[in-house]
Number of protein chains: 2
Amino acid sequence: MYDVVIIGGGAAGLTAAIYACRKALKTLVISPEYGGQTNLTSHIENYPGFIVSTGWDLMAKFKEHAEHFGAETRTGKVITVEKKGEKQFHIHFDDGSKEDCKAVILCHGKLPRPLNIPGEKEFLGRGLSTCATCDAPLYKNKAVAVIGGGNAALEAVEELQHVGAKVTLVHRRDQFRADEITVKKVKALEGVTFILNHAPVAIKGDKYVTCFEIEDVNTKQKQELKLDGVFSEIGHVADSTMVKDLCKLNPAGEVIVDDAGNTSCPGIFAAGDITPVKYKQTVIAAGEGAKAALECHRWLTGGKATGEYSK
Amino acid sequence: MYDVVIIGGGAAGLTAAIYACRKALKTLVISPEYGGQTNLTSHIENYPGFIVSTGWDLMAKFKEHAEHFGAETRTGKVITVEKKGEKQFHIHFDDGSKEDCKAVILCHGKLPRPLNIPGEKEFLGRGLSTCATCDAPLYKNKAVAVIGGGNAALEAVEELQHVGAKVTLVHRRDQFRADEITVKKVKALEGVTFILNHAPVAIKGDKYVTCFEIEDVNTKQKQELKLDGVFSEIGHVADSTMVKDLCKLNPAGEVIVDDAGNTSCPGIFAAGDITPVKYKQTVIAAGEGAKAALECHRWLTGGKATGEYSK
C-alpha cells in the first residue's frame with residue numbers, strides 16, 4: 001500500500017512527489033503522460049532558475065528529480081477514486097486494475113479545450129500555442145492569429161501586440177464574451193485585425209505553422225491566413241469525475257481547496273490547475289504541489305492540519 | 001518612475017521580478033541583500049529541476065534570471081511605503097532617498113528569530129540551520145541539537161529522527177508550547193534526548209559546527225554538547241512596519257493577502273513569507289511571487305482584478 005498516490009504528472013504532481021518522497025512517504029505518481037501543460041510550451045523562459053528551457057526538457061528534469069528521491073511512476077488513466085475507510089483509498093484504472101493508498105493528491109490539471117480541426121495535434125508546440133503568457137515573447141515582428149472571444153483571447157491579443165507581433169483575432173461570433181474594459185482596450189490597439197463570425201478550419205505548415213484556414217460561419221466561404229503562429233484561447237476543461245462523489249467541486253468542475261491544498265474530503269488533497277488557483281503557470285503549480293504534499297504528510301502523521309477545511 | 005517596485009530579493013521577489021519584466025513592466029527590486037532565506041540552506045534538494053544546489057547558487061540563478069529580463073536591482077533598506085495618489089507610491093529608504101512607482105510588491109519575507117549568542121552569524125549555513133525541512137536529510141547518522149519548544153521545534157526533532165539523526169532537544173522552559181499530540185508523538189520517539197530548562201550559550205566549531213554550549217537556566221551551570229548540527233527553531237519574525245498604515249496585517253505582523261496576492265491597499269501586492277502563506281519553501285514563495293506579479297500587471301493595465309480584495 002502506498003502512503004500517497006499522486007494523480008497527474010505535470011509540474012504540480014511531480015513537485016508534490018519530490019516533497020512527499022523527501023518526507024519518506026511511499027509515493028506513486030499516476031499519469032497518462034508526464035509533463036502536463038508545460039510540455040506544450042516550446043520555450044519556457046519564466047520558470048525561475050532556468051532562463052531558457054523547452055517545456056519538455058524542464059518537465060523531464062522534474063520527473064528525474066522526483067524519481068531520484070524514490071517516487072514510483074505508473075502510466076495510466078484513473079477513472080475513480082474510492083474511499084474505503086480511514087486513510088484507505090482505492091484508485092481504479094480504466095483497464096480494471098487498482099492501487100491502494102492512504103492519501104491522494106489530485107494534480108491532473110486541465111486540458112485546453114480542443115479545436116478539433118486538422119493540424120491541431122501535429123502543430124501543437126510548433127507554432128500552435130495554448131499559452132500566450134508563455135510564448136508571446138517568441139513572436140516579435142511575426143504574424144499570429146488568436147482564436148477566441150473571451151478574456152483569455154483578448155488578453156493574448158494584447159500581450160502579443162505588446163511584444164511587437166502582428167495580430168489577427170479570429171472569433172466565431174460577432175460579439176465578445178470578454179469584459180467590456182478589456183474589449184475596449186484591445187479595440188484601441190494599433191495594428192490588430194479582427195475577423196469575426198469566422199471559425200477555425202485547419203492549421204497547416206511544414207515543420208512549423210505557416211497557414212491558418214478559417215471559414216465564414218454564415219456564408220461558409222473559406223480563407224487562408226499566412227502566419228507564423230496560432231494561439232488557441234478558447235478555454236480549458238477540468239475533468240474531476242473521478243472524485244465527483246468525494247470532493248466538493250465548483251461549477252467549472254475544479255476541485256475546491258483551502259489555502260493548504262485540503263479538499264472537502266479528508267485524505268484527498270489537490271494542487272495546480274485542477275483547483276481554482278489563480279494563473280496557470282509552471283512555477284505556481286509547482287508551489288501549490290509542494291503545499292499539498294506537505295499538508296498531506298502532516299495529515300498522514302497525525303499532525304494538526306493547517307488549512308480551512310481541516311480547522 | 002518605475003511601474004513596480006518589488007521590496008525583497010528572495011525567491012518570491014526575484015520571481016515576481018521575472019514575471020513583471022516579462023510583462024514589460026519597468027521593474028526595480030530593492031533588498032538589503034539578495035537570496036533571502038534560501039541563501040541559508042547549505043544544500044537545497046527540493047527546488048524542482050535542480051536535484052542538488054546550494055541555496056546561494058540557486059538564488060544567484062534567480063537574480064541573473066530577473067536581470068536577464070531587465071529587472072533593475074538596488075541594495076538598500078526600505079523604511080516606509082507612502083501612498084501619494086492613484087497608482088503613485090513613494091518608497092523611502094533609511095538613507096533619506098526615495099524611489100517613485102505605480103505599484104508595490106512586498107516580498108521582504110521573515111527572518112528567523114535570532115538566538116543572539118556567539119557563533120550564530122559565523123556558523124549559519126555551516127552546521128547551524130533554521131530549516132529542518134530543507135536540511136534534515138543531510139544529518140543521517142549525525143548528532144544534532146534542536147532549539148525550541150513550539151511546533152516547529154518538535155516537528156524538526158521528528159523530521160531529524162526520521163532521517164536517522166541522533167537528536168537532542170534543548171528548550172529553555174520545562175514545558176512545551178507545541179500541540180499536545182505533537183509532544184506525545186515526539187516523546188515516544190526512540191533515541192531522542194530532552195534537555196529542558198536550558199538556554200543556548202554559544203555555537204562553536206572550526207569550519208563547521210562541532211559543539212553547542214548550553215546553560216541551566218536555574219543553576220547557571222554550563223555544559224557542552226559535541227555534535228554536527230544545530231537547528232534553531234524558535235520562530236520567525238515579520239517586520240511590516242513599512243506598510244503598517246496602508247495594509248491590513250494579522251497579529252503576527254504578516255501582510256494579509258487574497259488568493260492572488262492583493263493586499264487591502266489597491267496597488268500594493270504581497271507574496272511569500274511576509275504573508276500568511278502555508279509552509280516556508282523556496283518553490284512556494286516563487287509561485288506566490290509569480291501570482292502577485294501577474295495580478296499587479298493586471299491591475300496596472302486596468303484589467304479586472306481576480307482576487308478577493310479586488311472583487
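At 29% relative accessibility, A:E82 counts as partly exposed; here buried means under 20% relative accessible area, exposed over 50%, and partly exposed anything in between, with a 1.4 Å probe and protein chains only. This is a predicted model, so local features need pLDDT of at least 70 and side-chain atom pairs count only at pLDDT 80 or more, while totals for chains, interfaces and linings use all residues. Residues are numbered from 1 along each chain as its sequence is written, chains are lettered from A and ligands numbered from 1 in the order in which they are written, and side-chain values use heavy atoms, with hydrogens and water left out.

**Salt bridges**

A:E82 has a partner in A:K84, and their closest N and O atoms are 3.6 Å apart. That makes a salt bridge, which is a side-chain nitrogen of Lys or Arg within 4 Å of a carboxyl oxygen of Asp or Glu. By this rule there are 42 salt bridges over all chains. Here are some of them:

| Pair | N to O distance |
|---|---|
| A:K84 and A:E82 | 3.6 Å |
| A:K98 and A:D100 | 3.1 Å |
| A:E213 and A:K204 | 2.9 Å |
| A:E159 and B:K23 | 2.7 Å |

As for exposure, A:K84 is partly exposed at 44%, and so are A:K98 at 39% and A:D100 at 24%. A:E213 is buried at 11% relative accessibility, whereas its partner A:K204 is partly exposed at 32%. Those two also belong to a salt-bridge network with A:E224 and A:K226.

**How the two chains meet**

Between chain B and chain A the count is 10 salt bridges. Each chain puts 51 residues into the contact, where contact means heavy atoms within 4.5 Å. About 4,400 Å² is buried between chain B and chain A, 55% of it on carbon and sulfur atoms; buried area is the accessible area (1.4 Å probe) that two parts lose on being put together, summed over both.

Lay chain B on chain A and you get an RMSD of 0.0 Å, by a turn of 180° and a shift of 0.0 Å along the axis. The superposition is by least squares on the C-alpha atoms of residues with pLDDT of at least 70 in both copies. The two copies are thus related as by a two-fold rotation axis. In chain B, the C-alpha nearest that axis belongs to B:G287, at 2.5 Å. Since 100% of the interface residues of chain B are also interface residues in chain A, the copies meet through the same surface.

**Cores**

The largest nonpolar core has 80 residues, and A:I105, B:Y47 and B:I105 touch the most other members. Such a core is a set of buried Ala, Val, Leu, Ile, Met, Phe, Trp, Tyr and Cys residues joined through side-chain atoms within 4.5 Å. A second, separate core of 22 residues includes A:L28 and A:C247. Leaving out residues up to four places away in sequence, the contacts of B:Y47 include A:Y47, A:H65 and B:F62.

**Strands**

Strands are DSSP runs (E, at least two residues) numbered from the N terminus, and two strands pair if DSSP finds at least two bridges between them. In chain A, five strands form an open sheet in the order β8-β15-β9-β10-β11, with parallel pairing. Its edge strands are β8 (128-129) and β11 (193-195) of chain A. In chain B, β12 (residues 198-205) and β13 (residues 209-216) pair in the antiparallel sense over seven bridges, and a hairpin joins β12(B) to β13(B) through three residues.

Definitions and conventions: Helix = DSSP H or I, 4+ residues; strand = E, 2+ residues; numbered from the N terminus.
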